[in-house]
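This briefing goes through one protein chain, from its overall dimensions down to a few individual residues. Please keep the sequence and the structure in view while reading.

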Amino acid sequence: MRVAIMQPYFMPYIGYFQLIAAVDLFVVYDNIQYTKKGWINRNRFLRNGVDHVFSIPLKAGSDFLDVCNRELAEGFDRNKLLNQLTGAYRGAPHFATVFPFIKNIIECTDTNLFAYLHHALIKTCEQLRIHTRIIVSSSVPVDHSLKNQDRVLAICSAVGAQTYINAIGGTSLYASEPFRAKGIDLQFLQPSPVKYDQFGNVFVPALSIIDLLMFNTNENIQSFLAPSSELR
């Protein structure tokens with residue numbers, strides 16, 4: 001069984017979903033520390049040919065809290081975010097069909113950060129026709145005080161992984177020998193190159209999946225989800 005383990009992000013770029021599509025089981029961390037300068041609750045969209053950051057505001061909380069213990073800000077204006085995306089993508093070829101899906105995600109009433117992100121992840125995988133099984137890390141019976149590679153190895157062993165696949169950017173984070181010692185093959189996914197028309201402007205890569213959905217047919221999206229290679 002091929003397994004991937006990642007922290008959650010809000011509407012991440014296509015590479016995240018290429019990884020999910022490449023495995024049989026995807027484990028998403030809920031009991032992992034929230035990182036203030038990361039991309040857990042923010043991403044980039046295209047406006048007037050330039051990338052802009054949008055974010056899901058959070059209640060003030062300790063920097064040491066896990067994602068599952070953070071809450072959305074009471075003043076989170078969902079309509080304001082929807083209006084920003086409408087202004088940016090109203091002229092996109094698939095706006096009419098994609099916007100109701102985006103609206104459903106942003107209007108989710110969950111106020112817990114992980115619940116909000118998990119809802120978006122599940123719904124986006126459905127939209128992309130990805131059928132990989134997805135579970136949350138806290139449901140796996142391991143010692144969750146373990147860190148980094150040790151934690152990944154424990155989760156992989158607990159779920160019966162034969163292969164652990166990580167994004168290509170993680171090559172410096174993991175060593176193959178500890179995985180091999182547990183009978184697990186370590187691989188890294190090289191994302192497929194993705195480029196498409198964005199209102200005829202210079203292409204801006206690695207934007208939120210929202211951007212890709214706005215400009216591409218279902219057929220194009222399925223072709224983008226196919227990995228170009230898996231590297232040992």
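**Overall picture**

The chain has eight helices and eight strands in its secondary structure. The model is predicted. The points below take the whole chain, then one hairpin, then two buried residues, Ser137 and Ala4.

**Size and packing**

- The radius of gyration of the chain is 18 Å, which agrees with a compact globule, because a globule of 232 residues would have a value near 17 Å.
- The C-alpha trace spans about 55 × 40 × 25 Å along its principal axes.
- Buried residues make up 50% of the 232 in the chain.
- Counting contacts between residues at least 6 apart in sequence, 65% join residues at least 24 apart.

**Surface and charge**

- The chain has an accessible surface of about 11,000 Å², and carbon and sulfur atoms account for 51% of that area.
- There are 21 positive and 19 negative side chains.
- The centres of the positive and negative sets lie 3 Å apart.

**The hairpin of β3 and β4**

- Strand β3 covers residues 42-47 and strand β4 covers residues 50-55; the two pair in the antiparallel sense over six bridges.
- Within this pairing, Arg44 has Val53 of β4 as its bridge partner.
- Two residues lie between the strands of the hairpin, where Asn48 takes a positive phi near 55°.

**Ser137, in a loop**

- Ser137 is found in the loop that runs between β5 (133-136) and α5 (148-159).
- Ser137 counts as buried because its relative accessible area is 0%, and the cut-off for buried is under 20%.
- Beyond its neighbours within four places in sequence, Ser137 is in contact with Val27, Val28, Tyr29, Asp30, Asn31, His144 and Arg151.

**Ala4, in a strand**

- Ala4 belongs to strand β1, which covers residues 2-6.
- Ala4 has a relative accessibility of 0% and therefore counts as buried.
- Ala4 and Tyr164 are 160 residues apart along the chain, yet their C-alpha atoms are separated by 5.8 Å.
- Tyr164 is also one of the contacts of Ala4 outside its neighbours within four places in sequence; the others are Leu19, Val23, Leu25, Phe26, Val27 and Ile165.
- Val27 appears in the contacts of Ala4 and in those of Ser137.

Technical notes. Residues are numbered from 1 along each chain as its sequence is written. This is a predicted model: local features need pLDDT of at least 70, side-chain atom pairs count only at pLDDT 80 or more; totals for chains, interfaces and linings use all residues. Side-chain values use heavy atoms; hydrogens and water are left out. Helices (H or I, at least four residues) and strands (E, at least two) are DSSP runs, numbered from the N terminus. The radius of gyration is taken over C-alpha atoms; the globule rule is 2.2 Å times the number of residues to the power 0.38. Buried means under 20% relative accessible area, exposed over 50%, partly exposed in between (1.4 Å probe, protein chains only). Contact means heavy atoms within 4.5 Å. Accessible areas come from the Shrake-Rupley method with a 1.4 Å probe; for residues, only the protein chains shown count as cover. Lys and Arg count as positive and Asp and Glu as negative; His and the chain ends are not counted. The place of a charge is taken as NZ of Lys, CZ of Arg, CG of Asp or CD of Glu. Two strands pair if DSSP finds at least two bridges between them.
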